[in-house]
Amino acid sequence: METRVPFLEVSDAIVMSGAETLYWCMQCGLCTGTCPYRLVPGTASEEFNIRRVQRMAQLGLEGFESEDCLFACTTCRACVDVCPRGVDIIGNVRGMRSMLAEVGTIPPSLKPIAGSLHAQGNPWSGPRDKRTDWIKDAQVPAFSDSTEYFLFVCCTSCFDVRSQRIARSVAKALGAAGVSFGIIGNEESCCGESIRKIGDEALFRNLAQSNVNLFNSKGVKKIIVTSPHCLFTFKNEYPALGGEYEVFHYTEILAQALKDGKLKLSGAEVGPIAMHDPCYLGRHNGVYDAPRELLAALPGSDLRELARRRNKSLCCQGGGGRVWMETKAGERFAELRINEAVDSGARTLATACPYCITMLEDSCNVLGKGDVLKVLDISEVIAERV
Ligand code: SF4
Ligand code: SF4
């Protein structure tokens with residue numbers, strides 16, 4: 001066996017880049033056993049072992065930097081919940097990636113994402129002045145001094161044509177529930193969640209600080225988000241930059257409106273419907289009940305709970321920058337999820353995250369299951385019945 005010499009100055013640099021709990025790891029391997037990559041075949045499944053990656057980082061060894069290894073992690077948090085040492089595994093992954101980003105060695109597929117964020121303030125190469133094109137003929141008020149909530153629409157739902165339907169549905173449902181909300185518009189920038197997970201700390205800070213300055217200048221106090229990724233960042237990362245807000249995912253606002261009798265649902269029966277808990281809504285932010293309360297209130301609702309649900313939910317594979325990286329058909333977590341939903345007898349798979357919609361709908365089509373299962377955001381199911 002080849003002897004490898006540890007480079008402790010490299011591991012110290014990784015810790016300095018944010019992997020503060022790197023040395024807490026005692027190499028038990030529970031994280032690796034819990035990781036969804038164990039459920040699929042393929043190169044990433046063979047190359048990416050989070051226990052081994054952390055060991056190599058502890059020793060300052062090279063060899064874990066590839067798209068199929070360190071950048072395979074979707075930051076789904078399933079491993080964090082089982083770690084007996086309380087290791088901040090995602091923080092460690094972010095620290096390792098950050099050290100690579102500082103020397104410009106992020107995977108080639110992610111470089112255009114960083115370029116678009118620098119140039120346009122969004123990762124989808126959409127012109128900044130088209131950020132509000134999703135509105136089309138919808139009624140969406142502007143945020144003003146007398147508006148209670150600022151509605152922040154995720155970049156994906158601003159620029160991706162499929163995802164724009166989610167933004168319009170959220171606006172329609174909030175309007176029907178009588179919520180006082182408004183958007184700011186083209187001055188908004190990406191929340192920065194994904195680019196921080198990719199490791200570009202400087203770019204994250206630029207985006208986040210620009211948003212904090214904008215939101216504060218407009219007098220924003222309460223925010224509704226369409227994506228759980230924005231929820232995570234606004235709640236957990238913006239306060240350190242001077243952005244203190246009450247932040248809610250739209251399902252929380254609509255579920256409260258339902259309880260208050262302000263949101264009334266009627267119309268077509270929804271029938272058998274399964275719920276996919278997005279990692280960033282559930283494990284990262286603890287929101288499990290609000291989406292279910294909305295689904296249960298739909299006309300003709302027949303909620304089919306999947307075996308992997310709530311904090312045991314299966315990742316869609318879109319977090320941590322993976323939504324922009326290619327995963328071969330036959331190796332995707334979302335294919336397992338689609339099969340689980342079909343096997344449950346559901347005719348609709350509902351979720352509440354633009355990344356989940358992208359990954360799940362793509363796999364539904366690849367598997368040829370589009371005629372038996374519809375993948376919809378909860379906002380879409382609601383908006384059809386208000
Ligand atoms: S579960 Fe925690 S302690 Fe065990 S190998 Fe993973 S990170 Fe290390
Ligand atoms: S965060 Fe998810 S994908 Fe990343 S190592 Fe942990 S379980 Fe695996």
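1. The surroundings of ligand 2 are a good place to begin: in this predicted model, 14 residues surround ligand 2, and the closest of them are C35, I50, C73, C76 and C79. Helix α2 and helix α5, the latter spanning residues 89-102, each contribute at least two residues to the shell around ligand 2. Sorted by class, the shell around ligand 2 consists of ten nonpolar residues, three polar residues and one charged residue.

2. Ligand 1 may be read in the same manner. The residues that surround ligand 1 number 13, with C25, C28, C31, C83 and V87 as the closest. At least two residues of the shell around ligand 1 come from α2 (30-34), and at least two come from α4 (50-59). In terms of class, eight residues of the shell around ligand 1 are nonpolar, three are polar and two are charged. Helix α2 therefore deserves a reader's attention in both places, because it supplies at least two residues to the shell around ligand 1 and at least two to the shell around ligand 2.3. For the protein as a whole, the secondary structure comes to 16 helices and eight strands. The radius of gyration is 21 Å, close to the 21 Å that the globule rule gives for 386 residues, so the protein is as compact as a globular protein of that length. Taken along the principal axes, the box filled by the C-alpha atoms is roughly 70 × 50 × 35 Å. Of the 386 residues, 50% are buried, and among the contacts between residues at least 6 apart in sequence, 79% join residues that are at least 24 apart.

4. One open sheet has four strands in the order β2-β1-β3-β4, with parallel pairing. The edge strands of this sheet are β2 (181-182) and β4, each of which pairs on one side only. Strand β1, which covers residues 149-152, is joined to β2 in the parallel sense over two bridges, and F150 stands opposite G182 of β2. Helix α12 packs on this sheet, where it touches β3 and β4, and the direction of α12 makes about 80 degrees with that of β4.

5. Helix α12 itself runs over residues 250-259, and its buried residues are Y250, T251, E252, I253, L254 and A255. What do these buried residues of α12 pack against? Their partners are three helices and two strands by name: α8 (161-176), α13 (289-296) and α16 (378-383), together with β3 (222-225) and β4 (246-249). Just after α12, G261 takes a positive phi of about 75 degrees.

6. A further open sheet of four strands has the order β6-β5-β7-β8, and its pairing is parallel. Strands β6 (301-304) and β8 stand at the edges with a single partner strand each, so one side of each is left without a neighbour in the sheet. From one strand to the next, the twist averages 35 degrees.

7. Within that sheet, strand β7 (residues 348-351) can be followed residue by residue. T348 and A350 point one way from β7 while L349 and T351 point the other way, and all of them are buried. Three bridges join β7 to strand β5 (residues 271-275), and the two run parallel; here A350 is the bridge partner of M275. Strand β7 also pairs with strand β8 (residues 374-377) in the parallel sense, over four bridges. A350 stands opposite L376 in β8, and the bridge partner of T351 in β8 is D377. A350 is thus placed between two partners, M275 and L376.

8. A last point concerns R38, which is found in the loop between α2 and α3 (43-47). Is R38 buried or exposed? R38 has 11 C-beta neighbours inside 10 Å and so counts as exposed, given that a residue with 12 or fewer such neighbours is classed in that way. R38 and N49 are eleven residues apart in sequence, and their C-alpha atoms are 9.1 Å apart in space.

Methods. Residues numbered from 1 in each chain as written. Chains lettered and ligands numbered in written order. Predicted model: local features only at pLDDT ≥ 70, side-chain atom pairs only at ≥ 80, totals over all residues. Rg over C-alpha atoms; globule rule 2.2 N^0.38 Å. Buried ≥ 20, exposed ≤ 12 C-beta atoms within 10 Å, placed from the backbone. Contact = placed C-beta atoms within 7 Å. Pairing = 2+ DSSP bridges. Axes fitted to C-alpha atoms, helices over the stretch in contact; angles between N-to-C directions. Near = placed C-beta within 6 Å. Nonpolar A, V, L, I, M, F, W, Y, C, P; charged D, E, K, R; others polar.
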